[in-house]
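Visitor: I would like to go through some labels given to residues here, and to hear the reasoning behind each of them.

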Amino acid sequence: MATGNTSSVTEFILAGLTDQPALQMPLFFLFLGIYVFTVVGNLGLITLIGLNSRLHTPMYFFLFNLSFIDLCYSCVFTPKMLNDFVSENIISYVGCMTQLFFFCFFVNSECYVLVSMAYDRYVAICNPLLYTVTMSPQVCALLMFGSYVAGFAGAMAHTGSMLRLTFCDSNVINHYLCEVLPLLKLSCTSTHVNWLVFFIVVGVVITTSSISIFISYALILSNILRIPSAEGRSKAFSTCGSHITAVALFFGSGAFTYLTTSLPGSMDQSKYASVFYTSIVPMLNPLIYSLRNKDVKLALGKTLKSVFF
């Protein structure tokens, strides 16, 4: 069959997490709670940073963008996921490709935002006297622009290569969202180009992100170990703790998800594993960056006082 940019399939059915009726409603309320917590947490952090001039610094500018991305990509798939628990979850071909694009865009962008945050911590700890000059508003804006452009390029590569495929057999996607790998399994045309694009894009994103973050923290660690006082070292480590936790959760869960695709029954394992980095991590990030953060707590207290008193 010839390859084209049209498809005989006009809609897909998202299989969701489970087909067991007894689990549908408990899972619906569980993920509804996670979604509400994610939206409230990230939207609250965005609002807090926007309203408080004390938080108008490079670190919180990056955190603002991280929360925005987490909020957006949760909204890309969670409403459809919740719908699957109460009825057959049908998504149009165009809707599926749109969901695929925005999901890839926000996930790829988050990788590079985390890199920018690592660079910010490196400058703050290793070159504190030059921090204001190095992390100027122009530099911060350029880093974010680059993150979104890189995310857009990756999403275009994935979606563009997917549009060339023809889907003519099964239209049931064994996932709760339109993801690259489950869609490739449904194609009745050659997917060699798609696999090549997938490995190149994912390889570039993971390699550049992980190496950049590793180098940043290697230099940070080297600098911290030269601090003579234990109190100084502890304070320096504490400024990186939240970011290290966020990086470990995001990249760790993402790596586990894609590594499981090579195992028997891999698609089901990958589907369950992906819940962590698609649903749990966006919910946890506002907590990670606020629970031990004195600036956020102080800003929250001032905002609540101005609202209620």
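Guide: Let us begin with a definition: a residue is called buried under 20% relative accessible area, exposed over 50%, and partly exposed in between. Please keep in mind that this is a predicted model.

Visitor: Why is Cys75 called partly exposed?

Guide: The relative accessible area of Cys75 is 35%, and because partly exposed covers what lies between under 20% and over 50%, Cys75 is given that label.

Visitor: How do you know that Cys75 is not bonded to Cys72?

Guide: A disulfide requires two cysteine sulfur atoms within 2.5 Å, whereas the closest cysteine sulfur to that of Cys75, in Cys72, is 6.7 Å away, and therefore too far for a bond. Cys240 is likewise in no disulfide, its nearest cysteine sulfur being that of Cys126 at 8.7 Å.

Visitor: What makes Cys240 count as buried?

Guide: Its relative accessibility is 1%, and buried means under 20%, so Cys240 counts as buried.

Visitor: Which cysteines does a disulfide join?

Guide: Cys96 is joined to Cys178, with an S to S distance of 2.0 Å, set against the cut-off of within 2.5 Å. The pair links distant parts of the chain, 82 residues apart, with Cys96 in helix H3 and Cys178 in the loop between strand E3 and H6.

Visitor: Why is the disulfide of Cys96 and Cys178 called left-handed?

Guide: The torsion about its S-S bond is about -125 degrees, and the disulfide is therefore left-handed.

Visitor: What makes Thr191 count as buried?

Guide: Thr191, in the loop between helix H6 and helix H7, has 14% relative accessibility and so counts as buried, the cut-off being under 20%.

Terms used. Residues numbered from 1 in each chain as written. Predicted model: local features only at pLDDT ≥ 70, side-chain atom pairs only at ≥ 80, totals over all residues. Heavy atoms only, no water. Helix = DSSP H or I, 4+ residues; strand = E, 2+ residues; numbered from the N terminus. Buried < 20%, exposed > 50% of the residue type's maximum accessible area, 1.4 Å probe, protein only.
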